[in-house]
Amino acid sequence: MADKKDKEPMAASFDITQLMPNHPRYTTIPDALFDVRSTFGLDVDWQVPGFSAEHPNVPTVDPTYQFDHDTTMAILAGFAHNRRVMIQGYHGTGKSTHVEQVAARLNWPCVRINLDSHVSRLDLLGKDMIVLKEGKQITEYKQGLLPWALQNPVALVFDEYDAGRPDVMFVIQRVLESDGRLTLLDQNMVIRPHPAFRLFATANTIGLGDMTGLYHGSQQLNQAQLDRWNILVTLNYLEHDDEVQIMLAKYPDMDTEEGRKDLSAMVHVADLTRQGFMNGDISTVMSPRTVLSWIENTRIFKDRDMAFALSFLNKCDETERPTIAEYYQRCFGVDIGNRGTKAN
Ligand SMILES: Nc1ncnc2c1ncn2[C@@H]1O[C@H](COP(=O)(O)OP(=O)(O)O)[C@@H](O)[C@H]1O
Ligand SMILES: [Mg+2]
């Protein structure tokens with residue numbers, strides 16, 4: 001069931017045709033219901049709203065994507081009931097792609113802002129720019145990402161939320177206030193969120209600062225800020241067999257006895273790096289993304305050991321390479337010892 005708020009009429013000043021000139025007639029209010037069981041493969045009787053037609057900014061569907069039960073339920077609650085959902089977990093566990101893949105299936109436009117990068121307050125809010133109009137220089141307000149997203153049927157994802165700069169977090173805090181309005185002081189403008197605007201965040205820590213020392217640059221979020229997220233869900237690395245299944249779905253030609261054995265060993269190396277990372281033995285971890293690029297590089301170079309060095313080993317601190325070589329030895333019985341240093 002859609003939230004009651006979803007039925008509110010749009011702000012009178014809002015004109016979607018101006019923002020999306022190529023899509024003059026699409027609905028900006030969810031107009032379809034998706035069955036969770038058949039759409040996401042989760043064992044629940046639930047229907048969630050979405051759009052019947054594809055909009056611009058809808059992410060591309062990854063047909064091999066495997067939805068984690070709790071995380072997906074949390075994200076779906078976010079879409080269906082306008083809850084603010086934060087997903088926390090180690091990097092590479094699938095936080096960002098979970099939101100994207102849910103959005104892809106609901107045909108819900110989705111925009112990601114990585115707060116880890118150099119996003120500034122003005123990038124978010126917009127700024128006055130000098131433009132030339134009829135031969136005269138005038139200043140014109142150029143809308144930032146946040147006001148734009150707020151006024152559209154868009155799922156906005158703040159990625160690496162705990163790495164946001166304080167000035168940026170201060171801006172975001174304003175949108176997190178009870179009814180999500182955004183006041184642009186210097187523009188004399190109050191922006192009301194579009195009824196189909198949704199807000200998500202991903203973070204490596206739960207905002208209590210980083211006790212482990214694994215995530216440099218993560219900030220402590222203040223309790224008031226954390227309090228404004230309605231749902232917090234933790235996503236861990238996939239089970240070994242599930243991860244192998246994902247890789248097999250992406251590379252179906254590896255689905256032979258030998259291929260499965262190879263893949264299992266590759267995922268095992270990744271598992272060992274994750275354990276090592278959590279124990280503080282090594283500081284670089286193999287995410288599923290790295291495993292995928294290792295597979296791809298193996299295909300290019302026709303040499304798995306060399307591909308491993310190029311995809312992962314060379315990214316690791318030199319003092320940690322012997323530890324990683326030992327993981328490799330355990331899984332493949334091959335000593336890649338100074339492979340990485342040689343390639344340098
Ligand atoms: N459940 C999953 N099913 C399929 N692929 C996944 C899954 N989880 C992660 N991946 C893959 O792993 C990579 C990292 O995912 P990402 O969402 O960027 O991680 P995070 O945001 O947690 O750092 C992506 O290439 C993604 O396609
Ligand atoms: Mg991410």
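Two residues count as in contact here if their C-beta atoms, placed from the backbone, lie within 7 Å. Keep that in mind as you look at this predicted model, starting with helix 10 and helix 13.

On the helix 10 side, A265, H268, V269, L272, T273 and G276 do the meeting, and their partners in helix 13 are T323, I324, Y327, Y328, R330, C331 and F332. Sort that contact by residue class and you get 8 nonpolar, 4 polar and 1 charged. As for the geometry, helix 10 spans residues 257-279 and helix 13 spans residues 321-332, and their axes come within 9 Å, crossing at roughly 145°. The crossing is right-handed.

Now swing over to helix 9 (residues 240-250) and helix 11 (residues 288-301). Their axes come within 11 Å and cross at roughly 40°, so helix 9 and helix 11 are oblique to each other. This crossing is right-handed too. Helix 9 brings E243, I246, M247 and K250 to the contact, while helix 11 brings P288, V291, L292 and I295. That makes 6 nonpolar and 2 charged residues, with no polar ones.

Helix 11 also leads us to ligand 1. Along with helix 4 (95-106), helix 11 supplies at least two residues of the shell around ligand 1. There are 17 residues around the ligand, and G94, K95, S96, T97 and P288 come nearest. P288 is a residue we've already met, in the contact with helix 9. By class, the shell has 10 polar, 5 nonpolar and 2 charged residues.

So where does ligand 1 sit relative to the domains? Domain 1 (4-234) and domain 2 (240-343) both give residues to its shell, so ligand 1 lies between them.

Conventions:
Residues numbered from 1 in each chain as written. Chains lettered and ligands numbered in written order. Predicted model: local features only at pLDDT ≥ 70, side-chain atom pairs only at ≥ 80, totals over all residues. Axes fitted to C-alpha atoms, helices over the stretch in contact; angles between N-to-C directions. Helix = DSSP H or I, 4+ residues; strand = E, 2+ residues; numbered from the N terminus. Parallel < 35°, antiparallel > 145°, perpendicular 65-115°, else oblique. Left-handed = near helix turned anticlockwise from the far one by under 90°. Nonpolar A, V, L, I, M, F, W, Y, C, P; charged D, E, K, R; others polar. Near = placed C-beta within 6 Å. Domains from an automatic or database assignment.
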